[in-house]
Amino acid sequence: MKQNYTLLDGKLTLCGKHYKSTEDALWLASNISPKQGEEILDVGAGNGAVGLTLNTLHQTAVTLVENNTNLVSSLKNAIVANSIANADILESTWPETQLTKTYDHVISNPPFHLIEEGFQSQSKQKEHGIHKDKLALWVEACCKSCTPTGSVSLFLSLRSFNALSEHLKRLGLKEVTDIISNKQEMPRACIVELTPSYTGEPQHYTLNCSNEGIRTEILRRGGKIKAHRSARP
């Protein structure tokens, strides 16, 4: 039986019982403001929460990379349900995907937990765990898929970011936005933005997603994270 649910106050319908998006996907989507004519690559698209949100908000062409057969089916159903004409699906494993062009914006919410950190649950490890060297290759392939002046936006755990920070700097680390949610005292995750041609020092910001006004603006209305960030002390 097909199951549907909506994002952005009903502006977007997502399909499939196999995966339901967390808020992380919308934090990531809200980091990007594509211009008319630009194209987006969504790596590890899942059910399309990031890529199809950007398509809905900006009418931007998006290519969705996903290797899970059930999720690919959900993507196809969502594209039909939302009458989207400018979305393509590549059923492929990343970073082995063969692309024929580069993209203006590459976005990805890769597996959240580093296996080297001792992740306990085998089921979650399979779906949400990744080795450090594989994550490094994942990120590097994202950068190679981006135009020189484009952007790569990633949603990472802070542990993953800290483990790869020097590698990320070499790839053009431009901005890091720590995400504070659920009134936690310390952030657990961050949005990382890279530009392959960038050689300066990365800028560090904080976003307090536990603020109800910010949550409403971003999650329901499709607002922009950068409008609500503050410089990290």
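Ala, Val, Leu, Ile, Met, Phe, Trp, Tyr, Cys and Pro count as nonpolar, Asp, Glu, Lys and Arg as charged, and the others, Gly among them, as polar. These classes are used in the cavity views below. The model shown is predicted.

**Figure 1. Overall view of the predicted model, with 7 helices and 13 strands.**
The radius of gyration is 17 Å, close to the 17 Å that the globule rule gives for 233 residues, so the protein is as compact as a globular protein of that length. Its C-alpha trace spans about 45 × 40 × 40 Å along the principal axes. Of the 233 residues, 52% count as buried.

**Figure 2. Close-up of the largest cavity, with a volume of about 40 Å³.**
The search of the whole structure finds 2 cavities of 30 Å³ or more. The lining of the largest cavity is made by Leu8, Leu26, Ala29, Ser30, Thr53, Leu57, Ile218, Gly222, Gly223 and Lys224. Two elements, α1 (24–29) and α2 (49–58), give two or more residues each to this lining. By class, the lining has 5 nonpolar, 4 polar and 1 charged residues. Rolling a probe the size of a water molecule over the atoms shows where empty space is left.

**Figure 3. Close-up of the second largest cavity, which holds about 30 Å³ of space.**
Asp24, Trp27, Phe155, Ile179, Ser181, Arg188 and Ala189 line this cavity. By class, the lining counts 4 nonpolar, 1 polar and 2 charged residues.

**Figure 4. Helix α2, with 7 of its 10 residues buried.**
Because 7 of the 10 residues are buried, α2 is largely enclosed by the rest of the structure. The buried residues are Ala49, Val50, Gly51, Leu52, Thr53, Leu54 and Asn55. Of these, Thr53 also appears in the lining of the largest cavity. Just after α2, glutamine 59 takes a positive phi of about 55 degrees.

**Figure 5. Cysteine 142 and cysteine 143, in a structure that holds 0 disulfides.**
Cysteine 142 is in no disulfide, and the nearest cysteine sulfur, that of cysteine 143, is 6.8 Å away. Cysteine 143 is likewise in no disulfide, with the sulfur of cysteine 142 as its nearest cysteine sulfur. A disulfide needs a pair of cysteine sulfur atoms within 2.5 Å, so a pair 6.8 Å apart does not count. Cysteine 142 is buried, with a relative accessible area of 0%. Cysteine 143 also counts as buried, at 8% relative accessibility.

**Figure 6. Salt bridge between lysine 144 and glutamate 140.**
The two side chains meet at 3.7 Å, N to O. Both residues lie in helix α5 (residues 132–144). They are 4 residues apart, about one turn of the helix. Lysine 144 is exposed, with a relative accessible area of 62%. Glutamate 140 is partly exposed, with a relative accessible area of 25%. Across the structure, the count comes to 10 salt bridges.

**Figure 7. Salt bridge between lysine 226 and glutamate 175.**
The closest N and O atoms of this pair are 3.7 Å apart. Lysine 226 lies in the loop between α7 (212–220) and β13 (230–231), and glutamate 175 lies in strand β10 (residues 173–180), so the pair ties together parts that are 51 residues apart in sequence. Lysine 226 is partly exposed, with a relative accessible area of 36%. Glutamate 175 is buried, with a relative accessible area of 12%. Both residues belong to a network of salt bridges that links Glu175, Glu193, Lys226 and Arg229.

**Figure 8. Salt bridge between arginine 221 and glutamate 217.**
The closest N and O atoms of arginine 221 and glutamate 217 are 3.7 Å apart. Arginine 221 is exposed, with a relative accessible area of 54%. Glutamate 217 counts as partly exposed, at 26% relative accessibility.

Definitions and conventions:
Residues are numbered from 1 along each chain as its sequence is written. This is a predicted model: local features need pLDDT of at least 70, side-chain atom pairs count only at pLDDT 80 or more; totals for chains, interfaces and linings use all residues. Side-chain values use heavy atoms; hydrogens and water are left out. On a 1 Å grid over the protein atoms alone, a cavity is a set of points where a 1.4 Å probe fits but cannot get out, and a pocket is an open set with protein on both sides within 12 Å along at least five of seven lines; lining residues have an atom within 4 Å of a point. Grid points are joined across faces, edges and corners, and a volume is the space filled by probe spheres set on the points. Buried means under 20% relative accessible area, exposed over 50%, partly exposed in between (1.4 Å probe, protein chains only). A salt bridge is a side-chain nitrogen of Lys or Arg within 4 Å of a carboxyl oxygen of Asp or Glu. The radius of gyration is taken over C-alpha atoms; the globule rule is 2.2 Å times the number of residues to the power 0.38.
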